[in-house]
Structure formats: C-alpha cells, structure tokens
Amino acid sequence: MLGTHVPDDDGGRPMNDAPPTWYTAAQIADRIPPERARRLVEQVLLAGFDPAGDPERVSTPAGAGHLLLMPSTVGGWTGVKIASVAPGNPARGLPRIQAVYVLMDARTLTPRALLEGAALTTLRTPAVSAVAADALAPAGAAHLVVFGTGPQAVGHVHAFAAVRELTRVMVVGRSPQKVEAVLAELADLGPELTAGSAEDVAHADIVVCATSAAAPLFDGSLVRDGACVVAMGSHETDRRELDPGLMGRSLVVVEDVGTALREAGDVVLAVEEGALAVEDLVPLRDVVTGAVARRDDAPNVFKGVGMSWQDLAVAAGLVEPQA
C-alpha cells in the first residue's frame, strides 16, 4: 500500500507554503522505469486495495470539448488527473488529449507535486497490463504480437519485456511506415522484430491490442488455449478490439467488474450479445493475489480501461522513498 509519508519542515509541521514540484515527461520516465511502475501498481493490489471503491471517471463538457476528471485516494496520498479532450486540436497542430496530474498528501490535501499527465498515462497503462500479463501469460511466453503503432504499443512492448523473456515481437498496423517506425524505435530491445498480420495471433503467446479500433481486430478463434490477450484501446461502450467468440471462451479479467460494465465495450457488447456472463468476470486483484489462477485450457483475456488509482500508484512513487 502507498505509504503515509508526508514531507515536514524541521519543526515537524507540514510545508504548506512550499510550492508543488513539477515533473516533466522526461523526469517521470527517468525516475519510474517500466518495471518499477509495474511493481507500484502490483503492490497496491497485494496490500489489499479494492479498485471497486475507486471513484468513477467524470466527464464534463468544457469549451470546445470536454474534461475527464480521475480522482483517487490510496494510503497517504490523494490525487486527480485532469485531462482535456479537444477534437479540433489536431487541425491546430495540438494534441487531442492533454493532461496534468495533481498529487496531494491525504492528511492535509496540500498539493505536493504536479505531473505531465500524458506521460503518466503512457507509463501506467502498460504497467497495469504487465501486472495482468505476469499473472495470465504462460511462464515461458516468448512470442508477442502487438496491434497498434502509437506510444501505448511501444510502452507495452517495453513493459512486457520486463516480465517475460521475449524472443519475437510482431507489430501489426494499418500504416507500413508507422510499423517500421515502431520497429526502429524498439531496435535495441533484443527480441526479433518484424511486421505482422492479424493471422499471426495463431502463434502468439501474448497479444496486445493498443488501438482506437471500433470493431474486432482479428478472428478470436485463432487464439490458442493458454495464451494471454490484453486489450486496452478504449473506454467506450460501443467500441471493441476483441470479438464475442473470444470473450465467450476465455477467462476474462477486468480491473473492476462495475467499471468494466460502465466503460469496457469489449465486455459490454459481449454480455449484451449473450456470449459472456457478468458473473464470470474476474477482478484483476484476484489473479494478482492468486485467488484465481490462469487457465491452460482456454485463452486468458485482460480488458483494461484505466482507473484513477493506477495513476496515483505511479505518481506517488515519484516522491516516496524506494523500498
């Protein structure tokens, strides 16, 4: 569990007048490598935190778009990510989504740090996926297929390379140029790197879906029993990366059942179509603690949408002393 450490001055009083420290994207990446981010997320679950108690993501109209507010309290820390979504920004040469994270101590709610929010998301999302994959993927998993060519695709390869000895990574994308760019970015990682296709999931030990797709990316019947599939491309109920056939024959793990039924299109649509039963959904903390084991006789699917506690777990790691 995140600690209760709060910086004090020499007199033992909280430093309420001290300005919060600003952490840039580069500082976040330097201080929290992928493996440490994974451990920070995992430690929160192992310490008994129940994601079901995390506040819901709040969306509210603002200006030419909307704001997403993601607050959480875990242990001695409180935090909130404020993300702006402006659909017209790409035409202006600006990011569609921008964010900042405010980290506060839970005792006084005094801001202690401000973080570049997009960098935090790019780090914590693969960390959560890696926590799931470490519990759900075969011990000897070596062949990874990744759908997507954005920062999350790259981040997931690095995060998964820290939990399994990968020997082959295949990247699947609509643009050959973007696929080549990702392969070049990963060139120093170690495994064999090649462009792939949807049919390559048939030979994969782990499949990662990190896209904005609205429809399934591949034929789920190709996925082998015992393989691990991670889908984290959206938190919208009308979009999915996995087909109902795969969802129906798999062990399906979610961050939290209630959150998945509100936000995870892969889950919501499969339930509506009768392919998946709500009572069969497994919370992530149950596989992390060993209460539920991965299956060898069926695929193991993790569907994530991103939750507030995950941002807080990683953000607090920036300022807490390392164990």
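The exercises below, each with a worked solution, concern a predicted model.

**Exercise 1. Cysteines**

Find how many disulfides the structure holds, and explain the result for cysteine 209.

Solution.
- Step 1. The cut-off for a disulfide is a pair of cysteine sulfur atoms within 2.5 Å.
- Step 2. The closest cysteine sulfur to that of cysteine 209 belongs to cysteine 228 and lies 10 Å away, so a bond is ruled out by distance.
- Step 3. Taken from the other side, cysteine 228 has the sulfur of cysteine 209 as its nearest cysteine sulfur, at 10 Å, and is in no disulfide.
- Step 4. A search of the whole structure gives zero disulfides.
- Step 5. Cysteine 209 is buried at 0% relative accessibility, and cysteine 228 is likewise buried at 0%.

**Exercise 2. Nonpolar cores**

Describe the largest nonpolar core and the surroundings of phenylalanine 160.

Solution.
- Step 1. The largest nonpolar core has 63 residues, and the members that touch the most others are Leu115, Leu144, Phe160 and Leu284.
- Step 2. Helix α3 (residues 117-136) supplies the largest share of this core, 10 residues.
- Step 3. With neighbours within four places in sequence set aside, phenylalanine 160 contacts Pro126, Ser129, Ala130, Ala133, Leu144, Leu166, Ile206, Val208 and Val230.
- Step 4. Another core, of 26 residues, lies apart from the largest one; Cys209, Ala260, Val267 and Leu276 are among its members.

**Exercise 3. Strand β14**

Determine which strands pair with β14 and how its side chains point.

Solution.
- Step 1. Strand β11 (residues 228-231) pairs with β14 in the parallel sense over four bridges, and alanine 231 stands opposite lysine 303.
- Step 2. Strand β12 (residues 251-254) also runs parallel to β14, joined by four bridges; here valine 253 stands opposite phenylalanine 302.
- Step 3. In a regular strand, side chains alternate between the two faces of the sheet.
- Step 4. In β14 (residues 300-303), Asn300 and Phe302 point one way, Val301 and Lys303 the other, and all are buried.

**Exercise 4. The six-stranded sheet**

Give the strand order of the open sheet of six strands, and locate α3 relative to the sheet.

Solution.
- Step 1. The order is β1-β6-β5-β4-β3-β2, with mixed pairing.
- Step 2. β1 (21-23) and β2 (58-62) pair on one side only, which makes them the edge strands.
- Step 3. Ignoring direction, neighbouring strands are turned by 20 degrees against each other on average.
- Step 4. β2 and β3 (residues 65-74) are antiparallel, with five bridges; proline 61 has histidine 66 as its bridge partner in β3.
- Step 5. Helix α3 packs on the sheet, touching β3, β4 (77-85), β5 (97-105) and β6 (111-116), and its direction makes about 80 degrees with that of β6.

**Exercise 5. Salt bridges**

Place the salt bridges of arginine 38, glutamate 263 and glutamate 273 in the chain.

Solution.
- Step 1. The whole structure contains 17 salt bridges.
- Step 2. Arginine 38 bridges to glutamate 35, with the closest N and O atoms 2.5 Å apart. Both lie in helix α2 (residues 34-46), three residues apart, about one turn.
- Step 3. Arginine 38 is buried at 8%, whereas glutamate 35 is partly exposed at 23%.
- Step 4. Glutamate 263 meets arginine 57 at 2.7 Å, N to O. Glutamate 263 is in helix α7 (residues 257-263) and arginine 57 in the loop between α2 and β2, so the pair ties together parts 206 residues apart in sequence. Both residues are buried.
- Step 5. Glutamate 273 and arginine 240 form a salt bridge at 3.0 Å between the closest N and O atoms, linking parts of the chain 33 residues apart.
- Step 6. Glutamate 273 is partly exposed at 45%, and arginine 240 is buried at 13%.
- Step 7. Shared partners join Glu35, Arg38, Glu42, Asp134 and Arg164 into one network of salt bridges.

How values were computed: Residues are numbered from 1 along each chain as its sequence is written. This is a predicted model: local features need pLDDT of at least 70, side-chain atom pairs count only at pLDDT 80 or more; totals for chains, interfaces and linings use all residues. Side-chain values use heavy atoms; hydrogens and water are left out. Buried means under 20% relative accessible area, exposed over 50%, partly exposed in between (1.4 Å probe, protein chains only). A nonpolar core is a set of buried Ala, Val, Leu, Ile, Met, Phe, Trp, Tyr and Cys residues joined through side-chain atoms within 4.5 Å. Helices (H or I, at least four residues) and strands (E, at least two) are DSSP runs, numbered from the N terminus. Contact means heavy atoms within 4.5 Å. Two strands pair if DSSP finds at least two bridges between them. Axes are lines fitted to C-alpha atoms, for helices over the stretch in contact, and angles run from 0 to 180 degrees between N-to-C directions. A salt bridge is a side-chain nitrogen of Lys or Arg within 4 Å of a carboxyl oxygen of Asp or Glu.
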